[in-house]
Amino acid sequence: MKLLHIDSSILGDESVSRVLAAAIVQRLKKQNPALEVVHRDLVTRPLPHLTADDLLPAAPAVTGEGVLSEFLAADVIVIGVALYNLGVSSQLKAWIDRIVVPGRTFRYTPHGPEGLSRNKRVILAVARGGNYRTGNSLAPGEHAEAYLRSIFGFIGVTKLEVIAADGLAISEAQKESSRQAAMNAISTLEICCKV
């Protein structure tokens with residue numbers, strides 16, 4: 001099995017999403033020592049944003065092809081997601097733009113779009129400063145997890161799990177409590193044999 005580990009937080013060692021994503025990878029690797037892990041840090045190695053040239057049929061798209069190949073080869077994708085201004089970081093959006101490719105991860109049909117990435121398991125490690133869980137007043141403004149659920153659903157991913165730490169900027173006590181709850185959830189993850 002192959003696992004692709006994506007980090008997108010700009011906070012480096014201070015990032016809760018990075019800590020959670022690393023813990024998820026460690027948990028799954030412990031269960032399957034033969035698990036092959038590829039790590040891509042979108043902050044230390046940022047991807048260029050799409051240009052018109054990237055979308056032309058004759059475009060070389062070397063960068064995009066490498067990123068897409070990593071995604072296509074992975075059985076499990078673990079993504080550290082920090083909420084910035086109610087959405088995903090621009091670094092993560094640039095990565096998404098490289099993996100959502102017509103004819104490779106989805107296609108248009110007479111009956112609408114069809115996802116081609118049905119054999120993937122995606123685990124999101126989400127960190128949010130406020131409390132954006134369903135039922136809270138901030139919930140309607142959460143566009144990171146919601147966007148990722150939509151975009152992965154669009155390309156056919158049906159096995160998507162979210163481990164979230166909320167309220168990280170409210171207080172140190174809240175931060176520690178949320179982080180511990182997320183770590184407890186990670187401790188129950190199972191690798192499974194195949195997606």
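Which elements do the buried residues of H6 pack against? In this predicted model, the partners are helix H1 (16-31) and S7. Helix H6 covers residues 172-186, and its buried residues are Ser178, Ala182 and Ile186. Viewed down the axis of H6, these buried residues fall within an arc of 85°, so they line one face of the helix. That arrangement sits well with a familiar rule: an α-helix has 3.6 residues a turn, so residues three or four places apart point the same way. Glu172 and Ala173, on the other side of H6, are exposed. The length of H6 is also as expected, because 15 residues at 1.5 Å a residue should span 21 Å, and the end C-alpha atoms of the helix are indeed 21 Å apart.

From H6 it is a natural step to S7 and the sheet. S7 is mostly covered, with five of its seven residues buried. This strand belongs to an open sheet of five strands, in the order S2-S1-S3-S6-S7 and with parallel pairing. At the edges stand strand S2 (36-41) and S7, each of which pairs on one side only. From one strand to the next, the twist averages 15°. S6 and S7 run parallel and are joined by seven bridges; in one of these pairings, Val126 has Ala164 of S7 as its bridge partner. S1 and S3 likewise run parallel, joined by five bridges, and here Ile6 stands opposite Ile79 in S3.

Two helices can be placed against this sheet. H4 lies across S1, S2 and S3 and runs at about 150° to S3. H5, in turn, lies across S3, S6 and S7, and its direction is at about 170° to S7.

What, then, does the largest nonpolar core contain? It has 32 residues, and those with the most contacts inside it are Ile79, Val81, Leu92, Trp95, Ile99, Leu148 and Phe152. At least two residues of this core are supplied by each of strand S1 (2-7), helix H3 (62-73), strand S3 (76-82), helix H4 (90-99), strand S6 (121-127), helix H5 (145-154) and strand S7 (159-165). H4 gives the largest share of the core, five residues. Another core lies apart from it, with 21 residues, among them Ala23, Ile24, Leu28 and Val78. In soluble globular proteins, nonpolar side chains tend to be buried together.

Ile79 offers a helpful view of the larger assembly of contacts. With its neighbours within four places in sequence left aside, Ile79 is in contact with Ile6, Leu92, Trp95, Val122, Ile123, Leu124, Ala125 and Phe152. Of these, Ile6 is the residue that stands opposite Ile79 in S3, while Leu92, Trp95 and Phe152 also appear among the residues with the most contacts inside the core.

The loop between S3 and H4 deserves a closer look for its backbone. Asn85 is found there, and has a positive phi of about 50° although it is not a glycine. With a relative accessible area of 80%, Asn85 is exposed. Leu86 has its place in the loop between S3 and H4 as well. Its phi is also positive, at about 75°, although Leu86 is not a glycine. At a relative accessibility of 37%, Leu86 counts as partly exposed.

Methods. Residues numbered from 1 in each chain as written. Predicted model: local features only at pLDDT ≥ 70, side-chain atom pairs only at ≥ 80, totals over all residues. Heavy atoms only, no water. Core = buried A, V, L, I, M, F, W, Y, C linked by side-chain atoms within 4.5 Å. Buried < 20%, exposed > 50% of the residue type's maximum accessible area, 1.4 Å probe, protein only. Helix = DSSP H or I, 4+ residues; strand = E, 2+ residues; numbered from the N terminus. Contact = heavy atoms within 4.5 Å. Pairing = 2+ DSSP bridges. Axes fitted to C-alpha atoms, helices over the stretch in contact; angles between N-to-C directions. Expected span 1.5 Å × (residues − 1). Arc of directions from axis to C-beta.
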